[in-house]
Amino acid sequence: MSKSTKTASKRTKGYAGMTGADLFHKMLLEEGVEVLFGVPGGALLPIFDSLYKTPIKFVLTRHEQGAAHMADGYARSTGKVGVCIATSGPGATNLVTGLATAYMDSVPMVAITGQVTSALIGNDAFQEADTTGITRPVTKHNMLIKRAEDIGRAIHEAFYIARTGRPGPVLIDIAKDATSNELSTEPDLTIDLPGYKPMLTGHIRQVKAAAKAINASKQPVLYVGGGVVISEASEILDKVAHRGNIPVTTTLMALGAFDESDPLALQMPGMHGTAVANYAIQECDCLIAVGARFDDRVTGKVETFAPHAKIIHVDIDPTSISKNVKTDIPVVGDAKDILEKMLPMIESKQRKDWLGQIAKWKKAYPLHYDTGAKIKPQQVVEAVGRLTDHDAIITTGVGQHQMWTAQFYGWRKPRRMITSGGLGTMGFGLPAAIGAQFGNPGKTVIDIDGDGSLAMTVGELVTAVHYNQPVKVVVLDNCYLGMVRQWQEMFYERRYSATEHPCPDLSLIAEAFGAKGIRTTEPGELDDAINEMLKHDGPVVLAASVEPEENVFPMVAAGKGLHEMDMGRLV
Amino acid sequence: MKHVITALVQNQPGVLAHVAGMFAARGFNIDSLVVGRTEDPELSRMTIVVIGDDHMLEQVRKQLEKIITTVRVRDFKEIDYVERDLMLVRVSATPEKRAEVVELAGLFRGRIVDVAKQSLTVELSGPEAKLEAFIDMVQPYGIRELSRTGIIAVQRGEQRAKERN
């Protein structure tokens, strides 16, 4: 257990007489903030005036949602806390989607919102919204600050809460006068959170029970989620898996946490997971969930999920345990700490029969698509993977392109796949890529997007151009809202209700915004187009016209069990 | 099944909204919720009665603990406790019926706290079942107004309570 009361500031005196806005910047610097994404506004004027003097880089976004996703992409790709800022009223409400996205995927973020002057709060003032009320269900914590003296403590508490335990977004709503006023006294900078004691270390008795169950099992499977990425547990996971010869399936949030080229890798489970991952889960006698939360997109029909398995659940959040699936052996704590304790207890095993069965499934039901006259979307993803040596930071929007990216990129390392898993936020890809690029200068960052998702936040291309961030956008352009169209094809007799849309030339849009635009329609030109994109030192949009009615397979239909997969054209 | 849970929370604005919002968002049913001060001015205690099975109770407890401003949560599932509900009820009582109502109140150890020409106000406290029984008894006279606090609870004696956090 960690202490909930501590002094976070190096310096605790000499702040009296400073304005709240100046203290705000001092505190952000103390927290190590390098970059701030956002949009200014009336309630933030004192903060932006103070910002004029500080070394923190400010990134002006087109829309506050973009700011939130940039902070999110920065956080997911670096492991550091991402920070965004928006003004009162509409600025704050525009952040909501970004906060909800980060909350669902446990991303450490601090959001700052301006609020009207404290005397006006509650009066329906210009650009007033009840920001803490609106954001309470989509933040790990939030607070309203009305006095300059409270700003420092609030910032330290926010960063502490955001990055510890199960991380998440924390919002601080600051009244304008709290930033313009001078501090009348020295502020109390002590973090005081008597109710916040995240479990960090796993209970040894539970770890032993888990190891015993694993050693006793014949057909175990490690089911690994985003918690493994967050706790930086990939290396130790690899050791545990290899010591026990335990196959590993990595959820959408964990892609890259286990190298997919490893023979023990089963890739992604669930609705659009691999057949081998789903069959292994259904046949296993021991399922070891680590930092995963049994999402409905993973379990399918929960009553038939992993029917023969003893279930071990390692998670830092006690509410995740036995929420959807009853757990036999819960282990609450940090994934890395628990796997480290577990490693020496794991017996080395051959598991010849089980691994033989896994190999048979892999061979019989590989991920698969047919090539044709038109570019296949899967082909684009595969080529991007090959030409970036499976090492680029990839972001996505949400839908078919996201699933093909998950299936075909070929994940080798953690923190390469940045995607909105829980909330499923279309429009996440481009701003997340820009944020990731700020956190990883010199690295290749590619947003693999759909034309529907990209349209939602395409304005942020201006931000990439403005700050010369060389993000690449590969659009699998099919002129459909493809995932919904797929469901309409499969379950609504091809009644394509509101899923077709006009197809603007996205390469021209890129050029108009000052980025480079490339368009490709021929399978034979695909590699050249991708290489041209990768070579260009600046933002690029590569629009690839793909087979419009391609479907994502395998697919477990809603309400079906994992073993009832539709393999598509393969069978 | 009815469960009683108490939560010690930081005495700050927004805490009640947070707790109530969590119950609504997760579809938990609140039967009653009482908030009051404690011996520590920085802390309040909520006593919450929820209806649901054991699985739901466990989720409610864990979700309450997850709220940053919640300091400690206790459920009374496996411990013996004392519960009280306080009621003020204004019963129609013409001068002819007044004695009957006063007698009923007396049988339930209630107190008459207000008398008017056409009605009487009775203060009654006790476990929920006792209050329900009294309501049944005075129903025929006509209930003009009724207000209850909802349950508050403390454990009996020095047992080890099932506390987390």
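Here are short exchanges on the domain interfaces of this predicted model.

Me: What makes the link between B:Glu128 and B:Lys2 a salt bridge?
Reply: The N to O distance between the two side chains is 2.9 Å. The cut-off is 4 Å between a side-chain nitrogen of Lys or Arg and a carboxyl oxygen of Asp or Glu, so the pair qualifies.

Me: How many salt bridges are counted between domain 1 and domain 2 of chain B?
Reply: Two. The rule also finds one residue pair in polar contact across that interface, both at pLDDT 80 or more.

Me: Which strands of chain B supply the domain 1 side of that interface?
Reply: Strand E2 (29-37) and strand E3 (43-51) each supply at least two residues. E2(B) gives the most, with three. By class, that side has two nonpolar, two polar and two charged residues.

Me: How do you know that domain 1 and domain 3 of chain A touch, with their centres 31 Å apart?
Reply: The 31 Å is taken between C-alpha centres. Contact is judged on heavy atoms within 4.5 Å. On that test, 26 residues of domain 1 of chain A are in contact with 27 residues of domain 3 of chain A.

Me: What area is buried between domain 1 and domain 3 of chain A?
Reply: About 2,000 Å², with carbon and sulfur atoms giving 66%. The rule finds zero salt bridges there. The polar contacts number ten residue pairs, both residues at pLDDT 80 or more.

Me: Which element gives the most to the side of domain 1 of chain A that touches domain 3 of chain A?
Reply: H3(A), with eleven residues. The residues of that side divide into ten nonpolar, eleven polar and five charged.

Definitions and conventions:
Residues numbered from 1 in each chain as written. Chains lettered and ligands numbered in written order. Predicted model: local features only at pLDDT ≥ 70, side-chain atom pairs only at ≥ 80, totals over all residues. Heavy atoms only, no water. Domains from an automatic or database assignment. Buried area = accessible area lost by both parts, 1.4 Å probe. Polar contact = N/O pair within 3.5 Å; in protein donor to acceptor, adjacent residues only side chain to side chain. Helix = DSSP H or I, 4+ residues; strand = E, 2+ residues; numbered from the N terminus. Nonpolar A, V, L, I, M, F, W, Y, C, P; charged D, E, K, R; others polar.
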